[in-house]
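Biologist: Before we look at the model, could you show me how to read it one feature at a time, with the general idea before each case?

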Amino acid sequence: MAELQEVQITEEKPLLPGQTPEAAKTHSVETPYGSVTFTVYGTPKPKRPAILTYHDVGLNYKSCFQPLFQFGDMQEIIQNFVRVHVDAPGMEEGAPVFPVGYQYPSLDQLADMIPCILQYLNFSSVIGVGVGAGAYVLSRFALTHPDTVEGLVLINIDPNAKGWMDWAAHKLTGLTSSIPEMILGHLFSQEELSGNSELIQKYRNIITHAPNLDNIELYWNSYNNRRDLNLERGGDVTLKCPVMLVVGDQAPHEDAVVECNSKLDPTQTSFLKMADSGGQPQLTQPGKLTEAFKYFLQGMGYMASSCMTRLSRSRTASLTSAASMDGNRSRSRTLSQGSESGTLPSGTPGHTMEVSC
Ligand code: BEZ
């Protein structure tokens, strides 16, 4: 009998005819830690924060976020927000390779560059969307600028510094693996890598042949040398804003995200463990992530139900949620998302909930 093989299918829903991507404008600003490049899509909307993204190691804003932000259903969300997509220094398209000996900023310094971007754009608040190293950078920024960050979507965050065991494992892997392979092992699960799907081939190719691979290695080193965020539930160091933690169910960082969830304020945190998404849910499950993002924004009072599609409205109405449905901003809410099989988890208002979808 033929063996059944699990095949991962990437959700695809391109822009509809007539749905054209908004014009983008790329800028660079000087900061105390060197120059940083970012790309702005859309125009500022009165009384709304900007959505600000920060990508993971081995990627740039496009390779990390384009499938999510250009997903068809995402358009009804993002048309209400200006977006600022930051490229970590040296990761922007066409970036020259830094000279030998260049002191690449630490992740904390990358976070300290963000106020220069916001000042340049004259933006006063943001909702951050970060993946991996980018999630760490945005969390650090939220800790130092709590009044500027209204909400955070953190995909694959690891808030801890590497312990000595991690270092030993990292050094050992470094003896047998190239930098691109190590970075791929950070981005994707071993199962995905050995499955070698088109997506994996595409990202392996992008990273292995990146003309700025030396710069990527510097960002990788900064990530591996990160400090502990020292998050403490109920303590002084904690994220004050609503947070949506996201991790793929077979992602390399699942344990770290679970631990992060345990350190955050449960009344402010939603935890989304996404089935069938591998290491990069924003690439493989943009539809599910879009829907979760919509609920998250709704919980913050930014997506009135009238802005939502009929499908989303009916699904939302059938979910237990403390989120305000009329666009009033509410600080205590639970995010929930149904599974494909239709069994919807019931949320307890004000409690963190683990949801598989
Ligand atoms: C955006 O519309 O925000 C976007 C478009 C392309 C790539 C990334 C983001």
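Biologist: How far does a polar side-chain atom of R83 lie from an oxygen atom of the ligand?

Modeller: The idea to bring to such a pair is the polar contact, two N or O atoms within 3.5 Å, where within protein one must be able to donate a hydrogen and the other to accept it, and residues adjacent in sequence count only if both atoms are side-chain atoms. Here the polar side-chain atom of R83 lies 2.7 Å from an oxygen atom of the ligand, and a polar side-chain atom of H85 lies 2.8 Å from an oxygen atom of the ligand. This is a predicted model, in which local features need pLDDT of at least 70 and side-chain atom pairs count only at pLDDT 80 or more, although totals for chains, interfaces and linings use all residues. Residues are numbered from 1 along each chain as its sequence is written, and side-chain values use heavy atoms, with hydrogens and water left out.

Biologist: Which residues are around the ligand, and which element gives the most to that shell?

Modeller: A residue belongs there if one of its heavy atoms lies within 4 Å of the molecule. The shell consists of Y41, Y61, Q66, F69, Q70, I78, R83 and H85. Helix α1 (61-69) and strand β4 (83-87) each supply at least two of these residues, and α1, with three, gives the most. The element names follow DSSP runs numbered from the N terminus, a helix being H or I over at least four residues and a strand being E over at least two.

Biologist: How does the shell divide by class, and how much of the ligand does the protein bury?

Modeller: The shell has four nonpolar, three polar and one charged residues, where Ala, Val, Leu, Ile, Met, Phe, Trp, Tyr, Cys and Pro count as nonpolar, Asp, Glu, Lys and Arg as charged, and the others, Gly among them, as polar. Taken alone the ligand exposes 270 Å², and the protein buries 98% of that.

Biologist: How should I read a residue as buried or exposed, for example E76?

Modeller: Buried means under 20% relative accessible area, exposed over 50%, and partly exposed in between, with a 1.4 Å probe and protein chains only. E76 sits in helix α2 (residues 75-78) and is buried because its relative accessible area is 14%. The side chain of E76 also makes a polar contact of 2.9 Å with the side chain of K294.

Biologist: Where is L184 placed, and how far is its C-alpha atom from that of G58?

Modeller: L184 belongs to helix α6 (179-187), where it counts as buried because its relative accessibility is 0%. L184 and G58 are 126 residues apart along the chain, yet their C-alpha atoms are separated by 8.0 Å. In helix α1 there is C64, which likewise counts as buried, at 0% relative accessibility. The C-alpha atom of C64 is separated by 8.8 Å from that of Y54, which lies ten residues away along the chain.

Biologist: Which backbone angle should I look at in N122?

Modeller: Look at phi, since N122 has a positive value of about 60° although it is not a glycine. N122 lies in the loop between α3 (107-121) and β5 (126-131) and is exposed, with a relative accessible area of 70%. N230, again not a glycine, has a positive phi of about 60°. This residue is found in the loop between α9 (213-224) and β7 (243-248), and N230 counts as partly exposed at 48% relative accessibility.

Biologist: How many cavities of 30 Å³ or more does a search of the whole structure find, and which residues line the second largest?

Modeller: On a 1 Å grid over the protein atoms alone, a cavity is a set of points where a 1.4 Å probe fits but cannot get out, and lining residues have an atom within 4 Å of a point. The search finds four cavities of that volume, and about 50 Å³ of space lies in the second largest, a volume being the space filled by probe spheres set on the points, which are joined across faces, edges and corners. Its lining is made up of L68, F69, M74, V129, V153, I155, M244, L289 and F293, and these divide into nine nonpolar, no polar and no charged residues. Helix α1, strand β6 (149-155) and helix α12 (286-299) each supply at least two of them. F69 thus appears in this lining and also among the residues around the ligand.

Definitions and conventions: Areas by Shrake-Rupley, 256 points an atom, 1.4 Å probe, with all protein chains shown as cover. 1 Å grid on protein atoms, 1.4 Å probe; cavity = no way out; pocket = protein on both sides within 12 Å on 5 of 7 lines; lining within 4 Å.
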